[in-house]
Amino acid sequence: MKILVCISKTPDTTAKIAFTDNNTKFDTNGVQWIINPYDEWYSLVRAIELKEADASTIIHLVTVGLADSDPIIRKALALGGDETIRVNADSHDSFYIAAQIASVTKQAGYDLIFTGKETIDYNGSSIGGMVAELRELPFISLATKFDLKGSKAIMNREIEGGEEICEVELPLVVSCAKGVAEQRIPNMRGIMAARTKPLKVVEAVATDALTTIQSFGLPPAKAGVKLVPADNPQELVRLLHEEAKMI
């Protein structure tokens, strides 16, 4: 079996967010970059678990980015990927990124394409569906459990008021959510092995971006917190009634 796991580079969750060029660009100064947690903790780890159950499984990683993405993809290799492909392009347009990933898959014959449910910076949750459409493959989103039975994938996904169980023949595209696997950290053996694993760089295929970023904005600053002494419940009731308008 061949599995392709899509990897994104995102700012660390503790990074201070700021913008430049009249709020049209993300300010990368001083930002610590990480693997998108949904890609790392869920889709990649589930692929690794499948390989542990079947040693013949091959895991390839793909990312769309410039050379500064290499340390991130090396960390993903340290977790357990076999080799990686970096499409040498810089874009935040979902369709452009999906088209590059779809192009990579055309020659390889992957049985499974895993993505995280979304990236933690743009929260678009659109790459998996676009890749599936471009490759004319089935797509299951937000899988919280993933198992294989022969050539069939069995997945659970949460829906309003309950849970849905899907069965789909391979090949297919799946976006993974919390629950599909448990987080892992690279061990020293994996870190050392990642240094010599193949990292193939390919040029982007000609694709028109369908969206552009006009501007960014920060949410309004939060108001200060008012502390009410425990022995003054009347004041708490007054604040909830007159200021918070909650009662």
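A residue is called buried here when its relative accessible area is under 20%. I keep that cut-off at the top of the page because the cysteine entries lean on it. The model I am reading is a predicted one.

**Entry 1: the cysteines**

I began with Cys 176, whose relative accessible area is 0%, so I noted this residue as buried. Cys 6 has 6% relative accessibility, and therefore I put Cys 6 down as buried too.

Next I wanted to know how many disulfides there are in the whole structure. My search came back with zero. Cys 6 takes part in no disulfide, and the nearest cysteine sulfur to it belongs to Cys 176, 10 Å away. Why is the sulfur of Cys 176 not bonded to that of Cys 6? A disulfide calls for two cysteine sulfur atoms within 2.5 Å, and at 10 Å the sulfur of Cys 176 is too far from that of Cys 6 for a bond.

**Entry 2: helices α3 and α4**

I then turned to a helix pair: α3, residues 94-105, and α4, residues 127-135. Their axes lie 9 Å apart, and the two pack at an angle of about 50 degrees. I logged α3 as oblique to α4 because of that angle. The crossing of α3 past α4 is right-handed.

Which residues meet there? From α3 I listed Ser 94, Phe 95, Ile 97, Ala 98, Ala 99, Ile 101, Ala 102 and Thr 105. Their partners in α4 are Ile 127, Met 130, Val 131, Leu 134 and Arg 135. Sorting the residues of this contact gave me 10 nonpolar, two polar and one charged.

How values were computed:
Residues numbered from 1 in each chain as written. Predicted model: local features only at pLDDT ≥ 70, side-chain atom pairs only at ≥ 80, totals over all residues. Heavy atoms only, no water. Buried < 20%, exposed > 50% of the residue type's maximum accessible area, 1.4 Å probe, protein only. Axes fitted to C-alpha atoms, helices over the stretch in contact; angles between N-to-C directions. Helix = DSSP H or I, 4+ residues; strand = E, 2+ residues; numbered from the N terminus. Parallel < 35°, antiparallel > 145°, perpendicular 65-115°, else oblique. Left-handed = near helix turned anticlockwise from the far one by under 90°. Contact = heavy atoms within 4.5 Å. Nonpolar A, V, L, I, M, F, W, Y, C, P; charged D, E, K, R; others polar.
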